[in-house]
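User: I would like a close look at a single part of this model, explained for a first-year student.
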Amino acid sequence: MSEFLIHAIDLMSSLFLLFIGFLVLLTMYYYFVDIHQNKHAIRRNYPVIGRFRYFFERQGEFFRQYFFAMDREEMPFNRAERSWVYKAAKNLDRTAAFGSTQSLDPTGTIMFMNTAFPTLEEDAIEPEPVTIGEQCPHPYRAKKVFNISGMSYGALSKRAVLALSRGARQAECWMNTGEGGLSPYHLEGGADIVFQIGTAKYGVRDEHGKLSDAKLKEIAAHEQVKMFEIKMSQGAKPGKGGMLPGIKVNAEIAQIRGIPEGKDSISPNGHPEIRSVGDLLDMIAHVRTVTGKPTGFKAVIGETSWLEELAEEINNRGPASAPDFMTIDSADGGTGAAPQPLLDSVGLPLKESLPWVVNLLERHALRERIRIIASGKLIVPSKVAWAVALGADFVVSARGHMFSLGCIQALQCNKDTCPTGITTHNPKLMKGLDVVDKTQRVANYNKYIHYGIGLIAHSCGVNNIRCLNRKHVRVVQEDGLSQTLDEMYAMYK
């Protein structure tokens, strides 16, 4: 036995010496490389040691997220919000003890005004379905307030799309295809589908990149496809088209989109055929006529004079010319890939754009004709209820549903290295996403969003969420006192 130990110790010693020798050689190699390269001043001035700077920079996001940031500090979504989504998706206890970690002092804090006489359980009712496009041959009777926003197959893996579609069917909500076209996985799940027409017309383009009526009819022939949404702009990158890195454009995605395999998929920053509000109404009318289904548009609001012109043009042409819905995207919306300047500094947030649009439609007597869909960081019940109180008919979320799939906010959506298999086409990473499990999580999340907004509505004394209005919500102002939404946005009327 002692002889065996001696041999083992000799072997370990030899391996240790080999390891040390390897480290020495590796250090010498990196030293030589660093002092002879001219791209990184830090590495040239501090060879080998300077490399640690880049290592710690890459690890910074991880350590801030898990060790240093407080529950309400993280961006773009803090730990408290993500934790609620995870618990809802997994059907875990969503209650908390002792007290809220959310301060009520910061400017902009939202507070719902409870009544002394809350709605009793026996008096509560489910929100009635809302019909979109009543004048269309095939109007859509939407059952749920909260739905799945646009996420393309390509930006998302096929397993993620399939889980979302199956979950949406179980929850009886709709899912938006995003601008990447209609995939087999959208249809296989059985969900109601909103087909998005992006600036590149993926899925409905001809060989010249123009809108194809034949392909529009082909898409509309699917009974599951309930509406068409013309994407004018997106909150995360207003003025910039969609961006899908070539590494994520596999053969199937290329075929669905009608583009070359392996090449960056970059959409134009606008529709070439839409240069005015008249052009927009013409395109809406054309798509609606070809498909027979409700048609609207999505836009992040910035400069607003075009919306005034749009409302006037609708009234000149008649209410039938109006879009059946408008999706108002917030400037802090999400994406798989976008230029930093557009992410940070372009467009209006929903708190300003949504009430402005609602009031505009009311002034022009179009509020009942055009349904409003709100989008942008609305992933917990309080934010959804706030948007409805401001005037939204529906709320859609992409990143909330990504969290329900298991997204950990790794911020790697554009690199094809998503560790949860949601935004990657790497088979080794995708296998971690179990479609059956994630389907149930998507359905659970939708269920508990609706349960949560119902709790808020009943606390405010109304019997369902659609009865909430601006008088039910107060927002903390700079002086520390609160003001109702009705008072805040009176100037917009």
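How many of the 14 residues of helix 12 are buried, and is helix 12 largely enclosed by the rest of the structure or not enclosed?

Analyst: This is a predicted model, in which local features need pLDDT of at least 70 and side-chain atom pairs count only at pLDDT 80 or more, while totals for chains, interfaces and linings use all residues. Residues are numbered from 1 along each chain as its sequence is written, and side-chain values use heavy atoms, with hydrogens and water left out.

Helix 12 covers residues 350–363; helices here are DSSP runs (H or I, at least four residues) and strands likewise (E, at least two), numbered from the N terminus. From its first C-alpha to its last, helix 12 reaches 19 Å, close to the 20 Å expected at 1.5 Å a residue; the expected span is 1.5 Å times one less than the number of residues.

Of the 14 residues of helix 12, 10 are buried, so the helix is largely enclosed by the rest of the structure. Buried means under 20% relative accessible area, with a 1.4 Å probe and protein chains only. The buried residues are Leu-350, Leu-354, Leu-360 and Leu-361, together with Ser-353, Pro-355, Trp-356, Val-357, Val-358 and Asn-359.

Several elements provide the cover, including helix 10 (305–317) and helix 13 (381–390), as well as strand 11 (325–329) and strand 12 (371–375). Contact here means heavy atoms within 4.5 Å.

Finally, the chain just after helix 12 deserves a remark: Ala-365 takes a positive phi of about 55° there.

Key:
Buried < 20%, exposed > 50% of the residue type's maximum accessible area, 1.4 Å probe, protein only.
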